[in-house]
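Student: I would like to go through this structure slowly, asking for the reason behind each label. Could we look at the picture together and begin?

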Amino acid sequence: KTKYRCWDAKKKQADQRLAITVQRAFRGHLGRKVAKLRVMQRVEHDSANALVNSCALQISRVWRGHRGRMVSKYIRKEMADFLLALREEEARDEEEEYAAMQSLLRWK
C-alpha cells in the first residue's frame, strides 16, 4: 500500500507538472497570437492615420493656395486703383498747370 501511495503521489505530481507545462505553452501561444493581432491592428491604424493626414495636408495646401491667390488678386486690384488715382491726380495737376500757363501767356 505505501509503495502504491508513493507511486500514486509521484504520478499525480508528474501529471500536474505536465499539465502546468502544457498550460504554460498554450498561454504563451495565445499571448504571441494576441501580440501579433495587436501589431497588425496598430499597423492598420497607423496606415489609416497616414492616409487621413495626407488627405488633410492636400486639402490644406489647396486652401492655402486658393487663399493666397485671392489675397494677391485683392492686392493687385488695390495697387491698380491706387496707381490710377495717382495718375488721375497727376493729370489734373498738369492740366491746371497748363491752364495757368495758358492764361499767363494770353495776358502778355
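Student: What kind of model is this, and what makes up its secondary structure?

Tutor: This is a predicted model, and the secondary structure of the protein consists of one helix and zero strands. That helix, H1, covers residues 2–107, and Leu86 is one of the residues in it.

Student: How do you know that the protein is not a compact globule?

Tutor: A compact globule of 108 residues would have a radius of gyration near 13 Å, whereas the value for this protein is 46 Å. The box that holds the C-alpha atoms, taken along the principal axes, is roughly 155 × 15 × 10 Å.

Student: Which pairs of residues show how distance along the chain relates to distance in space?

Tutor: Tyr4 and Val52 are one pair, for they are 48 residues apart along the chain and their C-alpha atoms are separated by 71 Å. Leu84 and Arg32 are another, with their positions 52 residues apart along the chain and 77 Å between their C-alpha atoms. For Lys36 and Ser54, which are 18 residues apart along the chain, the C-alpha separation is 27 Å.

Student: Why is Tyr4 called exposed?

Tutor: The word exposed is used for a relative accessible area over 50%, and Tyr4, which has its place in helix H1, has 55%, so Tyr4 is called exposed. The reasoning for Lys36, also found in helix H1, runs in a similar way: Lys36 has 61% relative accessibility and therefore counts as exposed.

Student: What makes Leu84 partly exposed?

Tutor: Partly exposed covers the range between the buried limit, under 20%, and the exposed limit, over 50%. Leu84 lies in helix H1 and has a relative accessible area of 46%, so Leu84 is partly exposed.

Student: What share of the residues is buried, and how much surface does the protein expose?

Tutor: Buried residues make up 0% of the 108 residues. The protein exposes about 10700 Å², and carbon and sulfur atoms supply 62% of that area.

Student: Why is the contact between Lys11 and Asp15 called a salt bridge?

Tutor: The cut-off is a side-chain nitrogen of Lys or Arg within 4 Å of a carboxyl oxygen of Asp or Glu. The closest N and O atoms of Lys11 and Asp15 are 3.7 Å apart, so the pair meets the definition of a salt bridge. Because Lys11 and Asp15 are four residues apart in helix H1, they are separated by about one helical turn. Lys11 is partly exposed at 38% relative accessibility, and Asp15 is partly exposed at 41%.

Student: How many salt bridges does a search of the whole structure find?

Tutor: The search finds two salt bridges. Besides the pair already described, the side chains of Lys77 and Asp81 meet in a salt bridge, with 3.1 Å from N to O. Lys77 and Asp81 are also four residues apart in helix H1, about one turn of the helix, and Asp81 counts as partly exposed at 37% relative accessibility.

Student: What makes Leu86 fit into a nonpolar surface patch?

Tutor: A patch residue must have over 30% relative accessible area and no salt bridge. Leu86 has 36%, so Leu86 passes the area limit and is partly exposed. The patch, of about 360 Å², is made by Met79, Phe82, Leu83 and Leu86.

Student: Where does Glu96 belong, and how do you know that Glu96 is exposed?

Tutor: Glu96 is found in helix H1 and has a relative accessible area of 52%, which is over the 50% limit, so Glu96 is called exposed. Glu96 belongs to a surface patch of negative charge, where it gathers with Glu89, Glu90, Asp93, Glu94, Glu95 and Glu97.

Student: How many charged side chains are there, and how far apart do the centres of the two sets lie?

Tutor: The protein has 25 positive and 14 negative side chains, and the centres of these two sets lie 38 Å apart.

Definitions and conventions
Residues numbered from 1 in each chain as written. Predicted model: local features only at pLDDT ≥ 70, side-chain atom pairs only at ≥ 80, totals over all residues. Heavy atoms only, no water. Patch = residues over 30% accessible without salt bridge, like charges linked within 9 Å, V, L, I, M, F, W, Y side chains within 5 Å. Areas by Shrake-Rupley, 256 points an atom, 1.4 Å probe, with all protein chains shown as cover. Helix = DSSP H or I, 4+ residues; strand = E, 2+ residues; numbered from the N terminus. Buried < 20%, exposed > 50% of the residue type's maximum accessible area, 1.4 Å probe, protein only. Lys, Arg positive; Asp, Glu negative; His and termini not counted. Charge placed at Lys NZ, Arg CZ, Asp CG, Glu CD. Rg over C-alpha atoms; globule rule 2.2 N^0.38 Å.
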